[in-house]
Amino acid sequence: MHAPSPARPLLPAVRPSACPGLLRIVQALDGGICRIKLPGGLLTADQADAVALAARAYAGGVIEATNRANLQIRGIVAEHGAMVEALLAAGLGPRQAAGDDVRNVLLSPAAGLDRQQLLDVRPLAAQLLASLEQEPRLHALSAKFAIQLDGGEALAMLEHHHDVWLSPVMIAGASWMAFGLAGCSGHDPALGAVPAINAHALVLAVLDAFLARATPEQHRLRDLLTGPGATGFVADLSARHPDLGIRTVAFDRAPTTATPIGVHAQRQPGHCLVVAGAALGRLDAEQLRGAADLARRVGDGTLRITPWQGLLLPAIASADAASVQRSLAALGWLVDPAQPLAALIACTGSSGCARGLADTKADAQLLAATLHNPAAVHLSGCARSCAAAHVAPATLLAVGNGYYDLYLRDATRPGFGALQATHITVQEAGALLDARLRSNTHD
Ligand code: SF4
């Protein structure tokens with residue numbers, strides 16, 4: 001079915017970008033990277049098997065779960081055309097090749113299943129993904145341009161910065177979507193709201209307005225909107241599109257589940273969601289195949305990748321939850337939020353990235369062994385902060401091989417927060433963080 005024909009190219013043309021995609025394998029120090037963008041983080045067990053097989057056959061077997069709920073295969077060493085063909089054959093690619101880069105729509109991994117949700121945003125997500133893939137004018141968006149659709153779920157990552165975010169509110173008994181630009185629903189006020197039925201049209205109107213105004217150097221909405229620019233942008237949108245019904249709204253998103261790893265009640269009675277973590281965002285082929293097997297045997301045959309760089313298995317009978325957790329743990333997934341590694345994130349670091357000033361993955365393992373109490377720490381090999389789309393409570397920013405500056409999150413300061421210590425080892429950082437936790441506990 002996919003036999004190469006000498007009369008046509010084997011794979012569709014790929015647009016230039018520094019970001020990996022399914023069709024664009026980007027080279028790193030440890031080999032090529034292929035990013036597989038999953039719709040709402042969702043993949044079937046058969047698709048998970050296809051990713052695992054591809055990672056083993058064409059790369060070193062290292063798979064990463066990203067903070068946008070996608071998967072990527074690293075260390076690709078073999079001829080990758082056949083690997084991409086295999087992933088496309090598994091339905092892991094876009095119907096329109098040019099639309100791969102722009103399929104950046106983040107949902108809760110529990111969308112449609114979460115007891116607390118106000119709206120099932122999956123139909124809206126499918127509509128938006130189809131537009132992004134199939135509308136050639138939208139392919140001018142940057143590969144980093146991202147949209148978040150929140151359904152009001154308890155399990156939701158609300159701290160990641162998005163170009164456009166939408167979150168449900170009830171107004172006079174009807175479903176509306178509050179929205180914001182260049183921010184996140186967890187921290188920022190809404191700029192307006194539209195009836196839920198107009199949400200798709202609103203997003204397209206925002207994208208078209210952005211593309212019409214942005215210069216080639218402005219890739220994200222934040223590049224275009226500063227200060228009152230966002231309210232002016234929305235006022236202009238409202239004037240041009242009165243049919244959208246944009247109105248002001250009081251918006252305050254309820255807090256979400258603090259610790260996603262664990263077992264969560266599912267909307268459908270008798271079932272639960274089992275959430276596990278991938279240590280430092282990495283898993284191997286057998287880990288993924290094992291999870292796929294569990295999804296087939298005791299779930300509904302699907303898996304969801306989470307924005308916490310882990311996995312959610314839906315539709316697990318509540319009586320099976322503990323045994324599913326044990327099986328996941330045996331495969332190497334993190335199932336206990338008290339494990340120090342469960343709270344650590346680290347970018348690729350110097351072992352795979354030329355910009356890395358330290359081996360952040362190895363240092364995170366050292367830090368996990370040092371810490372007496374779990375602490376949410378982000379180790380970043382340079383200031384680009386690839387591993388975290390939000391500011392972590394503590395950040396170790398590499399300044400040399402094995403040495404870091406320590407920052408603690410501070411809403412009054414830009415970037416990583418308030419600088420606490422400079423040029424320290426991870427052992428010294430661990431001692432400082434443990435002491436801080438002890439003193440907080442004794443306050
Ligand atoms: S944060 Fe810096 S060192 Fe880490 S992966 Fe990104 S570019 Fe590389």
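**Exercise 1.** In this predicted model, work out how helix 1 and helix 2 are oriented to each other, and which residues make their contact.

*Solution.* Start with the geometry. Two packed helices are described by the angle between their axes and the distance between those axes. Here, helix 1 covers residues 45-58 and helix 2 covers residues 81-89. They pack at an angle of about 175°, and their axes are 10 Å apart. Next, bring in the cut-off: angles over 145 degrees count as roughly antiparallel. Helix 1 and helix 2 are therefore roughly antiparallel. Now for the contact itself. Helix 1 brings Ala-50, Val-51, Ala-54 and Tyr-58, while helix 2 brings Ala-82, Met-83 and Leu-87. Sort these by class and you get 7 nonpolar residues, with no polar and no charged ones.

**Exercise 2.** Find out how domain 1 and domain 4 meet, and how much area is buried between them.

*Solution.* First, get the bounds: domain 1 runs over 26-96 and domain 4 over 342-441. Their centres, taken over C-alpha atoms, are 28 Å apart. The contact takes 6 residues from domain 1 and 11 residues from domain 4. Then look at the area: about 450 Å² is buried between the two domains, and carbon and sulfur atoms give 43% of that. On the domain 1 side, Leu-29, Asn-67 and Arg-74 lose the most area to domain 4, together 77% of what that side buries.

**Exercise 3.** Which classes of residue make up the shell around the ligand?

*Solution.* Pick out some residues around the ligand, among them Cys-347, Cys-353, Arg-355, Gly-356, Ser-380 and Arg-384. Then take the class count for the shell: 4 nonpolar, 5 polar and 2 charged residues.

Note on methods: Residues are numbered from 1 along each chain as its sequence is written. This is a predicted model: local features need pLDDT of at least 70, side-chain atom pairs count only at pLDDT 80 or more; totals for chains, interfaces and linings use all residues. Side-chain values use heavy atoms; hydrogens and water are left out. A residue is near a molecule or strand if one of its heavy atoms lies within 4 Å of it. Ala, Val, Leu, Ile, Met, Phe, Trp, Tyr, Cys and Pro count as nonpolar, Asp, Glu, Lys and Arg as charged, and the others, Gly among them, as polar. Axes are lines fitted to C-alpha atoms, for helices over the stretch in contact, and angles run from 0 to 180 degrees between N-to-C directions. Helices (H or I, at least four residues) and strands (E, at least two) are DSSP runs, numbered from the N terminus. Angles under 35 degrees count as roughly parallel, over 145 as roughly antiparallel, 65 to 115 as roughly perpendicular and the rest as oblique. Contact means heavy atoms within 4.5 Å. Domain bounds come from an automatic or database domain assignment. Buried area is the accessible area (1.4 Å probe) that two parts lose on being put together, summed over both.
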